[in-house]
Each structure stands twice: as C-alpha cells, then as structure tokens.
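Got your viewer open? Load the model, give it a slow spin, and follow along stop by stop.

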Amino acid sequence: MKIRVKCPTCQTVQDIFQDAPCCKCQNMLSASGEAAIQLYRMGSPIGIAVGYGIYLDGQPMGHLANKESVFIPVSAGSHNLHVTCGMTRRCNDLQINLPAGTVAYAKARIKPGFWTNTIVVEPANKEDMPMA
Ligand SMILES: [Zn+2]
C-alpha cells in the first residue's frame, strides 16, 4: 500500500511505504498518523489518461491514477477531501470527521454529465478497497 505524505518541512508530496526520509530534504517522514484516509479511484473508461488531483483541506496531495489507491495519514478531527480531473473542477467534496485511530475509506469516480463530468467522492467500505 502506497502511503501518500507531505513533508512538513519542504511541503513535497511523495509516496512512501514505511517511515522514510524525505526524498528532497531528508527530513524523517512518518508513515502513520492519528487517523488515515484511504482513497481509491474506481476504473473508468472516461478520462483514463488523466490523473485526478487530490486536495486535502485545500492542500494539494498529488495525483491519483486510474484504479490507484493511496493511504493518507491525517490528524484526528475533521477533514475535507476534494478531487479534480483535468478541466473538471466540479466535485462533491467529502467531509470526513475522523476520531483518533480510525481509517476512512473513500472512492472517487466520474459521473458523466451532459456538459461536464462531475467527480463523485463517496464513503466506501473496507471491502470495496483493492488489497494492493
Ligand atoms: Zn522534505
């Protein structure tokens, strides 16, 4: 499982698999947080080549490829998850309140629209998540 973290020192977003030094400034990064969000992008024939942009509490958290799943350690409390895709800025943000020690599962998919596609981010069950 890829763990998506942002270096608190240099703000570089990167994927780690365990506690590891930042790829840029060597600051030690923790692979665990008080709580976590696991986000899965459902496979879609639309916009397959386009990466989704992930925004956590308004801060960019990198991209999400088709059928990719990322694990994002977060602090306990309430968080806003927003996903964009290319020119599509429309997204129903997911508001999550996470007590310490919990993991929230969410899946993102494109809902085709007449003029523009909307990205839907919705709560999911652990069973919906790929094991990768
Ligand atoms: Zn860094």
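**Stop one: a strand-to-strand link**

Asp15 is partly exposed, with 31% relative accessible area (buried means under 20%, exposed over 50%, and partly exposed in between, using a 1.4 Å probe and protein chains only). Before we go on, some housekeeping: this is a predicted model, where local features need pLDDT of at least 70, side-chain atom pairs count only at pLDDT 80 or more, and totals for chains, interfaces and linings use all residues. Residues are numbered from 1 along each chain as its sequence is written, and side-chain values use heavy atoms, with hydrogens and water left out.

Keep Asp15 selected and add Arg4: the two form a salt bridge, with the closest N and O atoms 2.4 Å apart. Asp15 sits in strand 2 and Arg4 in strand 1, so this pair ties together parts that are 11 residues apart in sequence. Strands here are DSSP runs (E, at least two residues), numbered from the N terminus. Arg4 is buried, at 5% relative accessible area.

A salt bridge, by the rule used here, is a side-chain nitrogen of Lys or Arg within 4 Å of a carboxyl oxygen of Asp or Glu. How many salt bridges does that rule give? The count comes to 4.

**Stop two: more charged pairs**

Select Lys2 and Glu68 next. They form a salt bridge too, and their closest N and O atoms are 2.3 Å apart. This pair links distant parts of the chain: Lys2 is in strand 1, while Glu68 is in the loop between strand 7 and strand 8 (69-74), 66 residues apart. Is Glu68 buried or exposed? Glu68 is buried, with 13% relative accessible area, while Lys2 is partly exposed at 25%.

Now jump to Lys107 and Asp128, whose side chains meet in a salt bridge at 3.5 Å, N to O. Lys107 lies in strand 12 (residues 103-111) and Asp128 in the segment after strand 13 (118-123), so the pair ties together parts that are 21 residues apart in sequence. Lys107 counts as buried, at 17%, and Asp128 is partly exposed, at 34%.

**Stop three: an open sheet**

Switch to cartoon view and pick out strands 7, 6, 9 and 11. In that order, these 4 strands form an open sheet with antiparallel pairing (two strands pair if DSSP finds at least two bridges between them). Which strands stand at the edges? Strand 7 and strand 11 (94-98) do, each with a single partner strand, so one side of each is left without a neighbour in the sheet. On average, neighbouring strands of this sheet are turned by 25 degrees against each other, direction ignored; the axes are lines fitted to C-alpha atoms, and angles run from 0 to 180 degrees between N-to-C directions.

Zoom in on strand 6 and strand 7, which pair in the antiparallel sense over 4 bridges. Put labels on Tyr55 and Pro60: Tyr55 stands opposite Pro60 in strand 7.

**Stop four: two loop residues**

From there, click on Asp57, in the loop between strand 6 (52-56) and strand 7 (59-64). Its phi is near 50 degrees, a positive value in a residue other than glycine. Asp57 is partly exposed, at 38% relative accessible area.

For the last selection, go to Gln11, in the loop between strand 1 (2-6) and strand 2 (13-16). Gln11 also has a positive phi without being glycine, near 70 degrees. With 44% relative accessibility, Gln11 counts as partly exposed.
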